Amino acid sequence: MKALLTSMMVALIAGTPAFAADMSDMNMNAPSGKSDGKQQTVQGTGIVKSVDPDKGSITLAHQAIPALGWPAMTMRFKIDRQIASTVKPGQHVTFELVPNAMGGTITNVTVLK
Ligand SMILES: [Cu+2]
């Protein structure tokens with residue numbers, strides 16, 4: 001009995017790190033819509049002008065984004081609804097963006113204190 005318990009514990013301990021590595025490699029916690037792990041994200045900084053969690057859209061007055069050759073401007077982006085619900089107009093934020101021809105999708109927002 002003791003030997004059985006011991007071997008079970010060894011299996012549990014040995015199995016845990018491999019499982020954790022698989023989870024991060026496959027990015028299984030990614031929100032829906034972010035299905036391609038190879039998508040390039042760029043960082044930006046700006047001010048929230050308006051946000052609509054129901055529609056999954058946010059308007060940002062963003063600073064220039066040299067990685068994309070974008071000047072500073074105010075524009076609307078798509079955004080995950082759950083992320084959208086964490087920000088309010090007037091907040092200064094940094095964000096991560098998956099750019100596309102129409103603007104892009106905000107994949108992460110951090111409110112600056
Ligand atoms: Cu822009």
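Two strands are said to pair if DSSP finds at least two bridges between them. The exercises below apply this to a predicted model, in which the mean pLDDT of the protein is 80 and 66% of its residues reach 70 or more.

**Exercise 1. Strands and their partners**

Work out how many bridges join β2 to β3, and in which direction the two strands run.

*Solution.* Begin with the count: six bridges join β2 to β3, which is enough for a pair, because at least two are required. Next comes the direction, and here β2 and β3 run antiparallel. Individual positions fill in the picture, since leucine 60 stands opposite methionine 75 in β3, while serine 57 has lysine 78 of β3 as its bridge partner. On its other side, strand β1 (residues 42-52) is joined to β2 by six bridges, again in an antiparallel arrangement, and valine 51 stands opposite isoleucine 58 of β2. The hairpin of β1 and β2 has four residues between the strands, and glycine 56 takes a positive phi near 65 degrees there. As a last step, place these strands in the whole: a closed barrel of five strands runs β1-β2-β3-β5-β4, with mixed pairing, and the twist averages 55 degrees from one strand to the next.

**Exercise 2. A histidine in β2**

Decide whether histidine 62 is buried or exposed, and find which residues it touches.

*Solution.* First locate the residue: histidine 62 belongs to strand β2, which covers residues 57-62. Its relative accessible area is 2%, and because buried means under 20%, histidine 62 is buried. The strand as a whole gives a similar picture, for five of the six residues of β2 are buried, so β2 is largely enclosed by the rest of the structure. Then list the neighbours: leaving aside residues up to four places away in sequence, histidine 62 touches Thr45, Gly46, Trp70, Pro71, Ala72, Met73, Met75, Phe77 and Phe95.

**Exercise 3. The copper site**

Identify which residues coordinate the copper ion, and how they are spaced in sequence.

*Solution.* The copper ion is coordinated by NE2 of His62, SD of Met73 and SD of Met75, at 1.8 to 2.5 Å. Written along the sequence, the spacing of these donor residues is H-x10-M-x1-M. Now compare the locations: histidine 62 lies in strand β2 and methionine 75 in strand β3 (residues 73-79), so this pair ties together parts that are 13 residues apart in sequence. Methionine 75, with a relative accessible area of 14%, is buried.

**Exercise 4. Aromatic rings**

Determine how many aromatic pairs there are, and classify each by the angle between its planes.

*Solution.* The count comes to two aromatic pairs. In one, the rings of tryptophan 70 and phenylalanine 77 have their centres 6.4 Å apart and their planes at 25 degrees, so the pair is stacked. In the other, phenylalanine 77 and phenylalanine 95 lie 6.1 Å centre to centre with 45 degrees between the planes, and that pair is tilted. The tilted pair links distant parts of the chain, with phenylalanine 77 in strand β3 and phenylalanine 95 in strand β4 (residues 92-100), 18 residues apart. Finally, Trp70, Phe77 and Phe95 form one aromatic cluster; tryptophan 70 and phenylalanine 77 are both buried, and phenylalanine 95 is buried as well.

Methods
Residues numbered from 1 in each chain as written. Predicted model: local features only at pLDDT ≥ 70, side-chain atom pairs only at ≥ 80, totals over all residues. Heavy atoms only, no water. Buried < 20%, exposed > 50% of the residue type's maximum accessible area, 1.4 Å probe, protein only. Contact = heavy atoms within 4.5 Å. Donors = N, O, S within 2.8 Å, 3.2 Å for Na, K, Ca; no water. pLDDT = per-residue confidence, 0-100. Phe/Tyr/Trp six-rings, centres within 6.5 Å; stacked < 30°, edge-to-face > 60°. Axes fitted to C-alpha atoms, helices over the stretch in contact; angles between N-to-C directions.
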